[in-house]
Amino acid sequence: ADWSQMLSLVGKGFHTDASGPNPTWLEECIPPGEKAFVQAAIDEAIRSKTVFELEHRVLREDGTLGWTLSKAIPVLDGQGEIVEWFGAAGDITGRKPAEARQAFLLRLGDTLGPLTNPVDIQEAVTREAMTVFGADRCYYCEIIGDSAVIRRDATRGDLPSVAGTYPLNSFALFSAVVEAGRPLVVHDVHSSDLVDDALRQLCLELQVVSFIDIPVMKRGRAV
């Protein structure tokens, strides 16, 4: 009645099956960062003796993270006390990216609505994108002639701004990204073979350890 053990579970490839009582189901099924959130919802359902319904992350049978919609109905005895719960969970992992994208676009629309200055718009977009991706810094860079121009950027905490004008011929890596029109991922500037000494020094000065560059293409050219 207190959710201390799961009596049985048919996982159907999403969760691992359980054919008998399992007192460690919470540790096995719920990611550490989600446990307090799920436990609080369980406690409230027990206190109120009402249906438990919650969307939350889970550890799938293959060890990856997924999303589930969990529902459970309390079974009461003659005195109105909970004796057990009957529940089900559905895999909603596939729909979460679309929901996140839609939520981002709605927030972005609300943010950009009153703005008319292109630079203010750039700043607002980068701040929203930084939040969505959980990054420490995000910027929009324009290719003007032979230079990369960053007018505004969004940063967390006291990180230095990367706003400025950067000659592409000084940074062969970024020139290659512009020419190829393909995303670039650098996991660690300290050890990456893609980063030359000049770019590594600049990254360290700006407290950039890893980064992703995604060129915006227009008529086959990075802009």
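Two strands count as paired if DSSP finds at least two bridges between them. By that rule strand 4 and strand 5 are a pair, joined in the antiparallel sense over seven bridges. The model is predicted. This briefing covers two sheets, the helices that lie on them, a pocket and the salt bridges.

**Sheet of strands 1, 2 and 3**

- Three strands make an open sheet in the order 1-2-3, and their pairing is antiparallel.
- Strand 1 (52–59) and strand 3 (82–91) are the edge strands; each has a single partner strand, so one side of each has no neighbour in the sheet.
- From one strand to the next, the twist averages 30°.
- Strand 1 and strand 2 (residues 65–76) run antiparallel and are joined by eight bridges.
- Within this sheet, Glu-55 stands opposite Leu-69 of strand 2.
- Strand 2 also pairs with strand 3, in the antiparallel sense, over nine bridges.
- Pro-74 has Trp-85 in strand 3 as its bridge partner.
- The hairpin formed by strand 2 and strand 3 has five residues between the strands, and Gly-80 in the turn has a positive phi of about 80°.
- Helix 2 (residues 35–48) lies across strand 1 and strand 3, and runs at about 155° to strand 1.

**Sheet of strands 4, 5 and 6**

- A second group of strands forms an open sheet of three, ordered 4-5-6 and paired antiparallel.
- The edges are strand 4 and strand 6; each has a single partner strand, so one side of each is left without a neighbour in the sheet.
- On average, and with direction ignored, neighbouring strands of this sheet are turned by 30° against each other.
- Helix 4 packs on the sheet and touches strand 4 and strand 5, its direction making about 60° with that of strand 5.
- Two residues of strand 5 have these opposite partners: Ser-147 faces Ile-144 across the pairing, and Asp-153 stands opposite Tyr-139.
- The hairpin of strand 4 and strand 5 has two residues between the strands, and Gly-145 takes a positive phi near 65° there.

**Largest pocket**

- The largest pocket holds about 1,400 Å³ of space.
- Its lining consists of 44 residues, and those nearest the centre are Cys-138, Tyr-139, Ile-212, Asp-213 and Ile-214.
- By type, the lining divides into 37 nonpolar, four polar and three charged residues.
- Strand 4 (137–144) gives the most to this lining, with six residues.
- Elements that each supply at least two lining residues include helix 4 (118–133), strand 5 (147–155) and strand 6 (164–167).
- Helix 5 (172–180), strand 7 (184–186), helix 6 (197–205) and strand 8 (211–213) also supply at least two residues each.

**Salt bridges**

- Side chains of opposite charge can pair when their charged atoms come close.
- A search of the whole structure finds 13 salt bridges.
- One of them links Arg-57 and Glu-34, whose closest N and O atoms are 2.9 Å apart.
- Arg-57 belongs to strand 1, while Glu-34 sits in the loop between helix 1 (25–29) and helix 2, so the pair ties together parts that are 23 residues apart in sequence.

Conventions. Residues numbered from 1 in each chain as written. Predicted model: local features only at pLDDT ≥ 70, side-chain atom pairs only at ≥ 80, totals over all residues. Heavy atoms only, no water. Helix = DSSP H or I, 4+ residues; strand = E, 2+ residues; numbered from the N terminus. Axes fitted to C-alpha atoms, helices over the stretch in contact; angles between N-to-C directions. Contact = heavy atoms within 4.5 Å. 1 Å grid on protein atoms, 1.4 Å probe; cavity = no way out; pocket = protein on both sides within 12 Å on 5 of 7 lines; lining within 4 Å. Points joined across faces, edges and corners; volume = space filled by probe spheres on them. Nonpolar A, V, L, I, M, F, W, Y, C, P; charged D, E, K, R; others polar. Salt bridge = Lys/Arg side-chain N within 4 Å of Asp/Glu carboxyl O.
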